[in-house]
Amino acid sequence: MDFALTEEQTAIFDMARAFGQDNIAPHARTWEREGTIPKELWPQIAELGFGGLYVSEEGGGSGLSRLDATLVFEALSMACPSVAAFLSIHNMCAKMLDSFASDEMKARVMPGVLSMETVLSYCLTEPGSGSDAAALKTRAERSNEGYILNGTKAFISGGGYSDAYIVMVRTGEDGPRGISTIYVEDGTPGLSFGGLEDKMGWRSQPTAQVQFDDCNIPAHNLVGEENKGFSYAMAGLDGGRLNIAACSLGAAQQALDMTLTYMGERKAFGKPIDQFQALQFRLADLEIQLQAARTFLRQAAWKLDTGAPDATKFCAMAKKFVTEAGSNIVNQCLQLHGGYGYLADYGIEKLVRDLRVHEILEGTNEIMRLIVARQMLAER
C-alpha cells in the first residue's frame, strides 16, 4: 500500500494552499465580521477548476477523485474552514446535477455552475427534520407548468446569498420513496428567506431559512426522476462527509503549525515554552492524533474512489473520527497559547468555533455511529 501522494496530487494541494493563503487568509476575519464572503471570490476559485471538482471531464468539470478533492479542502481550510466548507456544499450540488440532471438542464445550468457565476446551496434539512431527513414536509404539487412548492428549509448555508438552490421536496408518499429534487433559481416568485442566523462559527457563511410559498417551478427544473430525490441526496453525502473531515484536518494542521511557532517564541521561567517536556508531550499527542486522522481520511477516500463495499462505513467512521480529532486539536492549541489563544488576533479561537459544527452537519456524529453499528451487525 502506497501512502505517498502523486506529483499531481501534491501540485493540487500546493495550488489550493497558495490560493488560500494569498486570497482568503488575509481577509478571513473581515469576512467573518461582515458575515459574508465576497461573490467575486468564487469565479477566481473556479478558474482553478474548483467549481466542479468531481464533475466529469465530459461535463466540463475537473473529474478529480474524492481523494484529490479532500486535498483541496484540507489546503483551503488552512486559510478558512468556513469558506472551504461553503465550496464543498457547492461541489456536492454540482455533482448531483452532473450525475442526475437531464442533458437539457445540464446544458442550461452547468456552465454557470462550473464558472461559479451560479453559486449553489443544498436544501435538505427542515425545522422538524434533521437527522430524520426522510421525514421532510416541503411539498411540490403538480401544476400545468411543473410544480408548486410550499414549505421551509432550515440551516441553509447560502440562504438568501446563493444563485440557485438544490431542494429536496415531497412529491409522493411519506418516507424516502416520495422525495424528489428540484432546482430553484434565486428570484423565483414565492421564494423568500428568513433572517440571517447568528452562529457560533462559520460566521462568514450567510445562513438562513429558505421558504417556499406557492413557488412555481417549471417542469424542466426537476432533477432526474420524480420520487428518486432522496437517493440523489444521499449519494452525495459520503463525499460530503470526507470533505468536512478534510476541512477539520486542514484547520487542525494550521492551528498546530501556529502553535509550534508561538511556543518557540513565548518564554516562561527563562526559556521558550517548547522546551518544557510536559508541553512537548502535549505537542506529540496532537501530532499523533493529526496524522492518524489524515491516514484514516485518505483510506476512506480511497475506498469511495475504488467502490469498496464498505466505503459508506469508512466514510462515516472517518467523518466521526477526524472531526472530533480536529476539534480536540484546535482546542488544545488554544490552551497551549494560554490567554493569547482566547484573543481573536491570534486566530486560534476562530478555528475552535468554526470546527465545532463539523460534528453536527453532513450527518451528526451520532448518526455516523449508527451507520457503523448497523453495518457491523449486518456483516455479522
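This is a short dialogue on reading a few features of a predicted model.

User: Let's begin with the whole chain. What does its secondary structure come to, and how does its radius of gyration read against the globule rule?

Analyst: Happy to start there. The chain has twelve helices and ten strands. Its radius of gyration is 21 Å, close to the 21 Å that the globule rule gives for 380 residues, so the chain is as compact as a globular protein of that length. Along the principal axes, the C-alpha atoms fill a box of roughly 80 × 50 × 40 Å.

User: What share of the residues is buried, and what share of the contacts joins residues at least 24 apart?

Analyst: Buried residues account for 52% of the 380 in the chain. For contacts, take those between residues at least 6 apart in sequence: 74% of them join residues at least 24 apart.

User: Now a helix pair. How do the axes of α5 and α8 cross?

Analyst: Look at the angle between the two axes. Helix α5 covers residues 81–100 and helix α8 residues 237–265; their axes come within 10 Å and cross at roughly 165 degrees. An angle over 145 degrees counts as roughly antiparallel, and therefore α5 is roughly antiparallel to α8. As for hand, the crossing is right-handed.

User: Which residues meet there, and how do they divide by class?

Analyst: From α5 come Pro81, Ala84, Ala85, Ser88 and Met92, which meet Leu237, Gly240, Asn243, Ile244, Cys247 and Ala251 of α8. By class, this contact has eight nonpolar residues, three polar ones and no charged ones.

User: Arg241 is in α8 too. Is Arg241 buried or exposed?

Analyst: The test is relative accessible area, where under 20% means buried. Arg241 has 7%, so it is buried. Setting aside neighbours within four places in sequence, Arg241 is in contact with Cys315, Lys319, Glu362, Gly363, Met368 and Ile371.

User: Could we try a strand residue? Where is Cys123 found, and what is its relative accessible area?

Analyst: Cys123 is found in strand β1, residues 120–123. The same kind of reading applies: Cys123 is buried because its relative accessible area is 0%. Not counting residues up to four places away in sequence, Cys123 touches Lys153, Ile156, Tyr165, Ile166, Val167, Met168 and Val210.

User: And how many Å separate the C-alpha atoms of Cys123 and Arg66?

Analyst: Here there are two separations to read, one along the chain and one in space. Cys123 and Arg66 are 57 residues apart along the chain, and their C-alpha atoms are separated by 22 Å.

How values were computed
Residues numbered from 1 in each chain as written. Predicted model: local features only at pLDDT ≥ 70, side-chain atom pairs only at ≥ 80, totals over all residues. Heavy atoms only, no water. Axes fitted to C-alpha atoms, helices over the stretch in contact; angles between N-to-C directions. Helix = DSSP H or I, 4+ residues; strand = E, 2+ residues; numbered from the N terminus. Parallel < 35°, antiparallel > 145°, perpendicular 65-115°, else oblique. Left-handed = near helix turned anticlockwise from the far one by under 90°. Contact = heavy atoms within 4.5 Å. Nonpolar A, V, L, I, M, F, W, Y, C, P; charged D, E, K, R; others polar. Rg over C-alpha atoms; globule rule 2.2 N^0.38 Å. Buried < 20%, exposed > 50% of the residue type's maximum accessible area, 1.4 Å probe, protein only.
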